[in-house]
Amino acid sequence: MTANTTADGVTDGPTDAADCIFCAIVAGQAPARVVHETPRTLAFLDVAPATRGHALVVPKAHARDLHDVAVDDLREVATTAQALARAAVARLGAAGVNLVQSSGAAAFQTVFHLHVHVIPRYQDDGLVLPWTPSPGDATTMEGAARSLREGLTRG
């Protein structure tokens with residue numbers, strides 16, 4: 001098993017498919033409650049659901065995180081997540097849906113195979129978002145916006 005060590009020395013999990021539970025699920029070597037499959041994706045219920053119907057969408061090809069996934073696989077993950085979100089509203093009576101994707105240990109990624117959580121939301125379900133939005137500092141925001149624009153124009 002190989003691991004990735006970040007610039008600050010944090011080791012954040014395996015980088016290969018050999019020890020990946022999601023790869024084992026895709027291969028049919030580990031159990032899962034599969035709810036949808038496409039040629040590029042697999043969707044299955046989370047074993048520790050935040051709410052009723054909480055599912056994960058993964059690309060079948062191993063990709064460590066958002067930075068590692070092929071564009072076509074990411075597109076199919078998004079399309080599958082949208083289909084599941086619609087099904088959660090239509091079939092489970094969800095009042096809304098959260099999509100959550102974490103890349104890296106600092107972002108609370110615990111399984112190092114790209115995945116998107118599709119979390120149906122219900123009135124009074126008790127699930128709390130991890131932050132309370134508040135206005136940002138204008139100078140900090142402008143600096144971040146400038147850096148992002150520069151990074152996107154330079155590729």
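This passage describes the fold, the sheet, the nonpolar cores and one buried polar residue of a predicted protein model.

Local features were taken only at pLDDT of at least 70 and side-chain atom pairs only at pLDDT 80 or more, whereas totals for chains, interfaces and linings use all residues. Residues are numbered from 1 along each chain as its sequence is written, and side-chain values use heavy atoms, with hydrogens and water left out.

The protein contains three helices and seven strands. Helices (H or I, at least four residues) and strands (E, at least two) are DSSP runs, numbered from the N terminus. The order of elements from the N terminus is β-β-α-β-β-β-α-β-β-α. Of the 155 residues, 32% are buried. Buried means under 20% relative accessible area, exposed over 50%, and partly exposed in between (1.4 Å probe, protein chains only). The exposed surface of the protein is about 9,800 Å², and 57% of it comes from carbon and sulfur atoms. These areas follow the Shrake-Rupley method with a 1.4 Å probe; for residues, only the protein chains shown count as cover. Among contacts (heavy atoms within 4.5 Å) with a separation of 6 or more, 52% join residues 24 or more positions apart.

Five strands build an open sheet. Their order is S3-S4-S5-S7-S6, with antiparallel pairing. Two strands count as paired if DSSP finds at least two bridges between them. Strands S3 (34-37) and S6 (96-100) stand at the edges; each has a single partner strand, so one side of each lacks a neighbour in the sheet. On average, neighbouring strands are turned by 20° against each other, direction ignored. S3 and S4 pair over three antiparallel bridges. A hairpin of three residues joins S3 to S4, and Glu37 has Leu42 in S4 as its bridge partner. Strand S4 (residues 41-45) pairs with strand S5 (residues 55-59) over five bridges, again in the antiparallel sense. Here Ala43 is bridged to Val57 in S5.

Helix H2 (residues 71-92) lies across S3, S4, S5, S6 and strand S7 (116-121). The helix runs at about 160° to S5. Axes are lines fitted to C-alpha atoms, for helices over the stretch in contact; angles run from 0 to 180 degrees between N-to-C directions.

In soluble globular proteins, nonpolar side chains tend to be buried together. A nonpolar core is defined as a set of buried Ala, Val, Leu, Ile, Met, Phe, Trp, Tyr and Cys residues joined through side-chain atoms within 4.5 Å. The largest such core has 12 residues: Ala43, Ala55, Val57, Ala63, Val69, Val77, Ala81, Leu84, Ala85, Leu114, Val116 and Val118. S5, H2 and S7 each supply at least two of these residues. H2 gives the largest share, four residues. Leu84 touches Val35, Ala43, Ala55, Val57 and Val118, not counting residues up to four places away in sequence. Another core, of 10 residues, lies apart from the largest one; Ala24, Ile25, Ala30 and Leu42 are among its members.

Gln109 sits in the loop between S6 and S7. Gln109 counts as buried because its relative accessibility is 4%. The side chain of Gln109 reaches the backbone nitrogen of Gly104 at 2.7 Å. A polar atom of the same side chain, that of Gln109, lies 3.0 Å from the backbone oxygen of Val111. Not counting residues up to four places away in sequence, Gln109 touches Arg64, Asp65, Ser102, Ser103, Gly104 and His115.

How values were computed:
A polar contact is a pair of N or O atoms within 3.5 Å; within protein, one must be able to donate a hydrogen and the other to accept it, and residues adjacent in sequence count only if both atoms are side-chain atoms.
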